[in-house]
Amino acid sequence: MSFQAAKAQRLARERGRVAAQPDAPAGPIHALQDTPLEIASSSTHGRGLCIAAGTGGVAAGTTLVALEAVSVLNTTQLGVRCHYCYARREQGLLRCSRCRFARYCDATCQAAGWKIARHRDECEALQRWYAGADALPDLDRDPGPSVRVLAQLLWLRRRRGPAWWAPFAAMQSHRQDASAVQKDEAAQIAVRLAKFIGAEAGLRTLGIDSAKALLELVCQYQTNAFTLTDAQLDPIGAALEPTVALLNHSCTPNAVVVFSSATEHTRCPIEVVALRDLTEGEPVYTSYVDLAAPLPVRQQTLQERYHFTCACRLCTRSRWVDPRTARWCARPGCHGWVAPAARPCCRQCRAGETDTEAKEALVAEALELVPKIHRGMHTQLDESLVVQLRAMLPRISAVVPPSHYAMWTLVHAAHVLAIERCDWDEATQLTMLLCAGMQARGARDEPSTLYPAGHPQRAVLLATLGRLLLQEAPSTPSPLLARTVPMPTTPEARARLAHTVLRQALTEAERGFGSRTRGGWVAESVRASLRNVEQACA
Ligand SMILES: C[S@@+](CC[C@H](N)C(=O)[O-])C[C@H]1O[C@@H](n2cnc3c(N)ncnc32)[C@H](O)[C@@H]1O
């Protein structure tokens, strides 16, 4: 599973490709202080970030920037996380006695929340919002994360002044391009924001003097906000930071946005980390979409939400088998892939595909399940969907590899459910499948995998697999694994595999979560697991 052997060769190849990258921003505008970055602009992408001249480039894993973001927790996290440092605590959180909404680890976080994170403004607004509620506030009826981020932003603007506000004001909005659905959503947020802040007069004192200005701000938020994630990349809220928002998109990103250093009593910054060595003048790109999604799904999301057509190397690539859409070759003993095409045939043994129609119908059925499962995972997955998921997995795994979008998404959901149920056998086998899927190559080069090497998603899954392999051995190897990776059968082989996987997880975490935090919480926990394995084997 190690990528180390190919590293030097791959970096040389990737450097070679940089010059050919289309739409590279032309001409720097200005450098960003204390970072290796500068802002540049192009006719196709608007403004963007690139590696500044005179820096000599940066190495993979460099934290390019770490900045304070305006952020809030999602509604579902409000009862279980500190309102200031976002640390998770199932119980024992102190409740703000005024609004009875915000909860804190202790008095230190409460004091920091009041002063630094401006809970003093939010507290009043929350009291107004819940006025008349005789019991505790119903967290499900909270104003919502978008409204709470935007309100924070306006209160900070009043306090910090025009120079602080200028980069927020310059954020792209796409208000003119918004679809009817987006306009409706923006209008609903705007109405709730006005109510939360406290009527029209309140908004005027915060610099919003018309309905148009209010809608513009909401649209800027929709184009530029980030998902706030915890140390394991689980979504926990929303964040806005205008410099990081300058990052343009590529489906072969060379950087990632992370919130890696969640420690008690400190709010972690938003960070941009280089996924590979970057040269002077090279544009820095992150991905706005799920990299496991195939071309049409990525393009649809980018067009609907961000109003552009991506022309990156992955989107324009031809004559290859995309692991996101590949099907297994049915010939016994052949592990080759078949690309969906007019006359599908195996790229390895060249045998023509049989039963194409039935396979396409099954893939379509699995793909129909994907959005339902996605929605269910964000709220509550009902029992009938779990039954459908369990029935679909063995059927679809016989037809497509674990990198296929339908298979990957369904296995991911099943893996989350198995971990929630503490079913370690099933969780181990499903995580093996995910790790195999995310590293499967559609061609010889690195961008042909779902996630590029060092992507934090890889570090998280590998770290999970390493830890699961250290648990009890599974009793019956799953048929889902039949065509991909053999499960080790002895405790010794399992421990050896755990060690290899954890070493790779550490390398990937140190790169993907960045040098500033030495790979953040994921790397720290993997180091602890490795110490345990090494002591046990000594
Ligand atoms: C978060 S902003 C990025 C900064 C933006 N370019 C600016 O000038 O403020 C997102 C917007 O940038 C543009 N953009 C980002 N990536 C792009 C790409 N690969 N191709 C074309 N436009 C892109 C789109 O207009 C998108 O809605």
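These legends describe close-up views of a predicted model.

**View 1. The domains of the chain.**
The domain assignment divides the chain into domain 1 (6-68 + 241-306), domain 2 (72-227) and domain 3 (327-537). Domain 1 is written as two stretches of sequence, 6-68 and 241-306. Taken over C-alpha atoms, the centres of domain 2 and domain 3 are separated by 37 Å.

**View 2. The residues around the ligand.**
The ligand is surrounded by 19 residues, and the closest are Gly46, Arg47, Asn248, His249 and Tyr306. Three elements give two or more residues to this shell: β3 (46-51), α8 (211-224) and β10 (248-249). Strand β3 gives the most, with three residues. By class, the shell holds twelve polar residues, six nonpolar residues and one charged residue.

**View 3. The ligand and the two domains beside it.**
Where does the ligand lie with respect to domain 1 and domain 2? Domain 1 (6-68 + 241-306) and domain 2 (72-227) both give residues to the shell around the ligand, so the ligand lies between them.

**View 4. The stretch annotated as MYND-type.**
An unreviewed UniProt entry lists residues 82-123 as "domain: MYND-type". Over residues 82-123, helix makes up 33% of the chain and strand 10%. The C-alpha atoms at the two ends of this stretch are 15 Å apart.

**View 5. Helices α13 and α14.**
Helix α13 covers residues 424-439, and helix α14 covers residues 456-469. The two helices pack at an angle of about 145 degrees, and their axes are 9 Å apart. The crossing of α13 and α14 is left-handed.

**View 6. The contact of α13 with α14.**
On the α13 side, the contact is made by Trp424, Ala427, Thr428, Thr431, Met432, Leu434, Cys435 and Met438. These residues meet Arg458, Leu461, Leu462, Thr464, Leu465, Leu468 and Leu469 in α14. Which classes of residue make up the contact of α13 with α14? Eleven are nonpolar, three are polar and one is charged.

Methods:
Residues are numbered from 1 along each chain as its sequence is written. This is a predicted model: local features need pLDDT of at least 70, side-chain atom pairs count only at pLDDT 80 or more; totals for chains, interfaces and linings use all residues. Axes are lines fitted to C-alpha atoms, for helices over the stretch in contact, and angles run from 0 to 180 degrees between N-to-C directions. Helices (H or I, at least four residues) and strands (E, at least two) are DSSP runs, numbered from the N terminus. A crossing is left-handed if the near helix is turned anticlockwise from the far one by less than a right angle, and right-handed if clockwise. Two residues are in contact if their C-beta atoms, placed from the backbone, lie within 7 Å. Ala, Val, Leu, Ile, Met, Phe, Trp, Tyr, Cys and Pro count as nonpolar, Asp, Glu, Lys and Arg as charged, and the others, Gly among them, as polar. UniProt positions are given in the numbering used here, feature names are shortened, and annotations may be inferred rather than shown by experiment. A residue is near a molecule or strand if its C-beta atom, placed from the backbone, lies within 6 Å of it. Domain bounds come from an automatic or database domain assignment.
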